[in-house]
Each structure stands twice: as C-alpha cells, then as structure tokens.
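Here are my notes for you on this protein. Have the viewer open and click along as you read.

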Amino acid sequence: MSDWMILPPVAALIGWFTNFIAVRMIFRPRRPIGFLGLKIQGLLPKRRHEFAENIASTIEEHLFSAEDVQKAISHPDVKTDILELVRKRIDRFIEEKLIGGNPMIGAFIQGSFAEKMKASLVQEVSGLFDEGAGMIGEGLDQRLDMKKIVAEKIESFDMAKLEGIVLAVAKKELRAIELLGAVLGFIVGVVQLLLLRLLA
C-alpha cells in the first residue's frame, strides 16, 4: 500500500513534463523529424505560412490598412505642418533667390505685395496638398497590399528570434502552464491512490 504513495509525485512529474514538451513543441523541432514512421515538427514552423496569412488578415481588417495611411496623410495637423514648412521655404526663396539674387526684381517684391504673393503660393500648395493626398490615398489603396507585406515580413522572420521574443514576453504564462500540468498530474495521482485504496 505504501508503494502506491509514489503515484501522486510521479503523476505530477509526468504532468509537468508533458506540458513542458508541449510548450517547447510550439517552436521545435524547426525542421521535420522522422519518429516511428511519423513526421514531427513544431507548430509554428509547420504552419508558418498559415500563421503569417492569418495575422496579416487580422492586421489588415482590424488594426491597420491603406485607408488608415490615407487618413493619416489627410489629417489637418499633417497639412498644417507641411504648409508651415512650405511657407518657410517660400520666404527663403523670395528673400535669397528673388530679392537677394536680383535687386531689380526685389524692388517690386516688397511689403504687402510680397505678403500677397506668399499667401497666394501657400494657398496654391494647400489646394495641391488636398488633391495630392486624395491621389496618394487612392494609389495606396490600389498598390499597397498591406496583407501581402505583413505576411511576407512574418514568413521571413527568423524562427529562433521569434521563439526568443515569445518566450521573453510570455515566460510567466508558459511557466504557469507547465506548473499547472504538475498540479493536475498530482491531483490525478491522488485520485488514483484513493481509488486503489478503496478497491483494495
């Protein structure tokens, strides 16, 4: 009867070990290995393409798309920043190239006339920006295949590096899964021990 007392610790060890192997088999083995007529390969290496496609679809549909890029380009703050940059470049161009480079032209481009000229140029650029943002957005929508780009990036990602990142981020959770296997194994062992005592 006392020999049966070893059941809970052994069951706990088996439970921990099976979960430990299961966690490692998410990434390993990276290449298919033949074992008893079966081919064994880690979950992610084996289904890498499907994994990449699913993540890419999720990102494109729910997180980030060409439409989001278009909205970012068309944001009023972006337009304000660009127009401010344009104003500075126009000021520099008029001061250095027109007025500074040719005194005769500089005599005509002064005071309110210079300010009106600058305002007209900025207004023209503002209209071009609105038109250009729309064209860029349409072009992105037609030419930027976000799903394909993300899928290719994920597929080209080094599996060893990916494993390191996942293990670093989810280290506590994966350790908890292993310990849960030990706890469940111990409980199963205790139940077996009680059943054996009852039957004996």
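The points below go from the overall layout to single residues.

1. First, a word on what you're looking at: this is a predicted model. The protein has 10 helices and 2 strands. If you trace it from the N terminus, the order is α-β-β-α-α-α-α-α-α-α-α-α, so take your time finding the two strands, which come right after the opening helix.

2. Now the overall numbers. The protein has 200 residues, and 22% of them count as buried. Its accessible surface comes to about 14,500 Å², and carbon and sulfur atoms account for 64% of that. Take the contacts between residues at least 6 apart in sequence: 74% of these join residues at least 24 apart. One pair to click on is Ser57 and Val150, which sit 93 residues apart in sequence but 8.7 Å apart in space, C-alpha to C-alpha. Ser57 belongs to helix α3 and counts as buried because its relative accessible area is 16%, below the 20% cut-off.

3. Go to helix α1, residues 7-24, and look at the rings. How many aromatic pairs are there? The count comes to 2. Trp16 and Phe17 make a tilted pair, with 6.4 Å from centre to centre and 45° between the planes. Trp16 also pairs with Phe20, and that pair is stacked: 5.3 Å centre to centre, 25° between the planes. Why stacked and not tilted? Planes under 30 degrees apart count as stacked, and here the angle is 25°. Trp16 and Phe20 are 4 residues apart in α1, about one turn of the helix.

4. Put those ring pairs together and you get a cluster of Trp16, Phe17 and Phe20. Are its members buried or exposed? Something in between, as it turns out: Trp16 is partly exposed at 30% relative accessibility, Phe17 is partly exposed at 45%, and Phe20 is partly exposed at 24%.

5. Next, find Glu178 in helix α10. With a relative accessible area of 5%, Glu178 is buried. Which residues does Glu178 touch, leaving out those up to four places away in sequence? They are Trp16, Asn19, Phe20, Val23 and Arg24, so you meet two members of the ring cluster again here.

6. One of those contacts deserves its own point. Arg24 and Glu178 form a salt bridge, with the closest N and O atoms 3.1 Å apart. Arg24 is in helix α1 and Glu178 in helix α10, so this pair ties together parts that are 154 residues apart in sequence. Arg24 itself is partly exposed, at 31% relative accessible area.

7. The structure holds 5 salt bridges, so let's visit a couple more. Arg30 and Glu163 meet through their side chains, at 2.5 Å from N to O. This pair links distant parts of the chain: Arg30 is in the loop between α1 and β1, while Glu163 is in helix α9, 133 residues away. Arg30 is partly exposed at 32%, whereas Glu163 is buried at 7%. Another salt bridge joins Arg47 and Glu50, with 2.7 Å between the closest N and O atoms. Arg47 is partly exposed at 41%, and Glu50 is partly exposed at 39%. Salt bridges with shared partners also join Arg28, Arg30 and Glu163 into one network.

8. Stay with helix α9, residues 159-169. Its buried residues are Met159, Leu162 and Glu163. They lie on the same side of α9, because they cover an arc of only 100° around the axis. Among the elements covering them are α2 (43-46) and α3 (48-63). Turn the helix over and you'll find the exposed residues Lys161, Ala168 and Val169 on the face away from the buried side.

9. Last stop: the surface. Leu180, Val183, Leu184, Ile187, Val191, Leu195, Leu198 and Leu199 form a nonpolar patch, with about 820 Å² of accessible area together. Try colouring Leu184, which is in helix α10 (residues 171-199) and counts as partly exposed at 46% relative accessibility.

Terms used: Residues are numbered from 1 along each chain as its sequence is written. This is a predicted model: local features need pLDDT of at least 70, side-chain atom pairs count only at pLDDT 80 or more; totals for chains, interfaces and linings use all residues. Side-chain values use heavy atoms; hydrogens and water are left out. Patches are made of residues with over 30% relative accessible area and no salt bridge: like charges are joined within 9 Å, nonpolar side chains (Val, Leu, Ile, Met, Phe, Trp, Tyr) within 5 Å. Accessible areas come from the Shrake-Rupley method with a 1.4 Å probe; for residues, only the protein chains shown count as cover. A salt bridge is a side-chain nitrogen of Lys or Arg within 4 Å of a carboxyl oxygen of Asp or Glu. Buried means under 20% relative accessible area, exposed over 50%, partly exposed in between (1.4 Å probe, protein chains only). The arc is that of the directions from the helix axis to the C-beta atoms. Contact means heavy atoms within 4.5 Å. Rings of Phe, Tyr and Trp (its six-membered ring) pair if their centres lie within 6.5 Å; planes under 30 degrees apart count as stacked, over 60 as edge-to-face and the rest as tilted.
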